[in-house]
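Let's take a walk through this structure, one spot at a time. Have the sequence and the 3D view handy as you read.

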Amino acid sequence: MGATYIKLGQFIASAPTLFPADYVEEFQKCFDRAPPVPFSQIEAIIREELQRPLDAVYQYVDPVPIASASIAQVHSARLKSSGQEVVIKVLKPGIEDILVADLNFIYVVSRILEFLNPELRRTSLVGIVKDIKESMLEEVDFRKEAANIEAFRRYIETMGLERQAKAPFVYTHCSTKHILTMERLYGVPLTDLDSIRSLVPDPELTIVTALNVWFGSLISCESFHADVHAGNLWLLRDGRIGFLDFGIVGRISPRTWAAMEVFLASFASEDYEAMASALIEMGATGKDIDVAAFARDLEKIFSSIQELDTEIVIATRRGPNSNAAAAVSANVVVDDRQMNALFLDLVRVSESYGLRFPREFALLMKQLLYFDRYTRLLAPNMNMLQDDRITVVSNRRMRNMNTFP
């Protein structure tokens, strides 16, 4: 059915607070790699956007894409002026027009359905469709992504984290609404233990740094990175944490973060009554909730988190002239189905008590589950929410900060 419906499926799959579990599980399939667009079309788009021939801006553009997704394609290149190695993210041809037309159609249909069936108004169908529309149209405007990257880079600089983390520099002179030219970063995913060990002496410090930088961004940055899967979170060759692809970001309200802080503390201490109270504060409900019963149900869900399978695949590479093992490579396989199943259980139980959570809560929880997996590989003996080296910055401190508007 085209890119709109792939993106719609991806939105449903990443919003378990809004959609039924069966839909969320089924639409996980929409995250598969999309077929690439021929380079001749990509070249024409870049030329049209920059109003110049490619060789006036780039010394070289690789015609073979690094990646191809539903709405964009990424190619490596080298700038003519400086010789800097970059990547160019290019919006696929015709995608924006298709999205606008399809989303307007879906919005009109949702309005008609609510008019014909007043029961649907209680589900906020039109509101959900409006949220989907705004989210998707932000993703196809690379000026928004460039602004997200710049905000994160400002956060890193302002907090004095330049030696710990990095986001790619955006070359604005060759970036537009439909193409984004960024500094190319080199590194390895946080799931590649063997390569991480070759870059830093202590892999545990890598995950500590990544957690501190990400947690800090929740309240000290205009937006937080809301897609920290292994392809977007790297250990760079110089030992810093690299944050890539800011197409999906979240913005957290002070009220949600205050409740989230209590939730994280209660999760770390296994205080399920405090966790229940935090979720009640975060969720929208007009009902009186039995906190003790809710706490017992939460305990059943979260006691199973340690039982989730984290498959660690170990491959041994042998040297060409020796029978001895030359290197051992470990890689953790993050099963998104398990992660989503855990979160869906939480949503199901919460909804049975009349709670509905904001989408930002789903985004936060998914990132925490990713970090849980990285911690199991890089620091198996560490509790990421109780370790003294990790700072979940207080919301009270945010009110005292005037760093960002």
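We start with Asp 297, which sits in helix H11 (residues 291–302). Helices here are DSSP runs of H or I with at least four residues, strands are runs of E with at least two, and both are numbered from the N terminus. With a relative accessible area of 23%, Asp 297 is partly exposed. That label covers the range between buried (under 20% relative accessible area) and exposed (over 50%), using a 1.4 Å probe and protein chains only. Setting aside neighbours within four places in sequence, Asp 297 is in contact with Val 349 and Tyr 353, where contact means heavy atoms within 4.5 Å. Asp 297 and Val 349 are 52 residues apart in sequence, yet their C-alpha atoms are 7.1 Å apart in space.

A word on the source: this is a predicted model, so local features need pLDDT of at least 70 and side-chain atom pairs count only at pLDDT 80 or more, while totals for chains, interfaces and linings use all residues. Residues are numbered from 1 along each chain as its sequence is written, and side-chain values use heavy atoms, with hydrogens and water left out.

**The whole chain**

Stepping back, the chain has 14 helices and 13 strands. Of its 405 residues, 51% count as buried. Take the contacts with a separation of 6 or more: 65% of them are between residues 24 or more positions apart.

**Sheets and a helix**

One open sheet has 4 strands in the order E5-E10-E9-E7, with mixed pairing. Strand E5 (165–166) and strand E7 (187–189) are at the edges with a single partner strand each, so each has one side without a neighbour in the sheet. Two strands pair if DSSP finds at least two bridges between them; E7 and strand E9 (residues 233–236) run antiparallel and are joined by 3 bridges. Within that pairing, Val 188 stands opposite Leu 235 in E9. Helix H8 (residues 203–220) packs on the sheet and touches E5, E9 and strand E10 (241–243). The direction of H8 makes about 40° with that of E10, taking axes as lines fitted to C-alpha atoms (for helices, over the stretch in contact) and angles from 0 to 180 degrees between N-to-C directions.

Elsewhere, strand E4 (residues 85–91) pairs with E6 in the antiparallel sense over 5 bridges. Here Ile 88 stands opposite Thr 181 in E6. Strand E6 (residues 179–183) is mostly covered, with 5 of its 5 residues buried.

**The nonpolar cores**

Which residues touch the most other members of the largest nonpolar core? They are Trp 214, Met 260 and Phe 371, in a core of 85 residues. A nonpolar core is a set of buried Ala, Val, Leu, Ile, Met, Phe, Trp, Tyr and Cys residues joined through side-chain atoms within 4.5 Å. Helix H13 (residues 359–378) gives the most to this core, with 10 residues. Leaving out neighbours within four places in sequence, Met 260 is in contact with Met 282, Phe 361, Leu 364, Met 365 and Leu 368. Apart from this core lies another, of 18 residues, including Val 57, Val 61, Leu 79 and Val 90.

**A polar pair**

Asp 141 lies in the loop between helix H5 (125–139) and helix H6 (142–158), and counts as buried at 8% relative accessibility. The side chains of Asp 141 and Arg 143 are joined by a polar contact of 3.0 Å. Such a contact is a pair of N or O atoms within 3.5 Å; within protein, one must be able to donate a hydrogen and the other to accept it, and residues adjacent in sequence count only if both atoms are side-chain atoms. Arg 143 itself is in helix H6. Not counting residues up to four places away in sequence, Arg 143 touches Thr 176 and Lys 177.

**Two residues with positive phi**

Most residues other than glycine have a negative phi. Here are two with a positive value.

| Residue | Phi | Loop between | Relative accessibility |
|---|---|---|---|
| Asp 245 | about 55° | E10 and strand E11 (249–250) | 34%, partly exposed |
| Glu 270 | near 60° | helix H9 (254–269) and helix H10 (272–282) | 57%, exposed |
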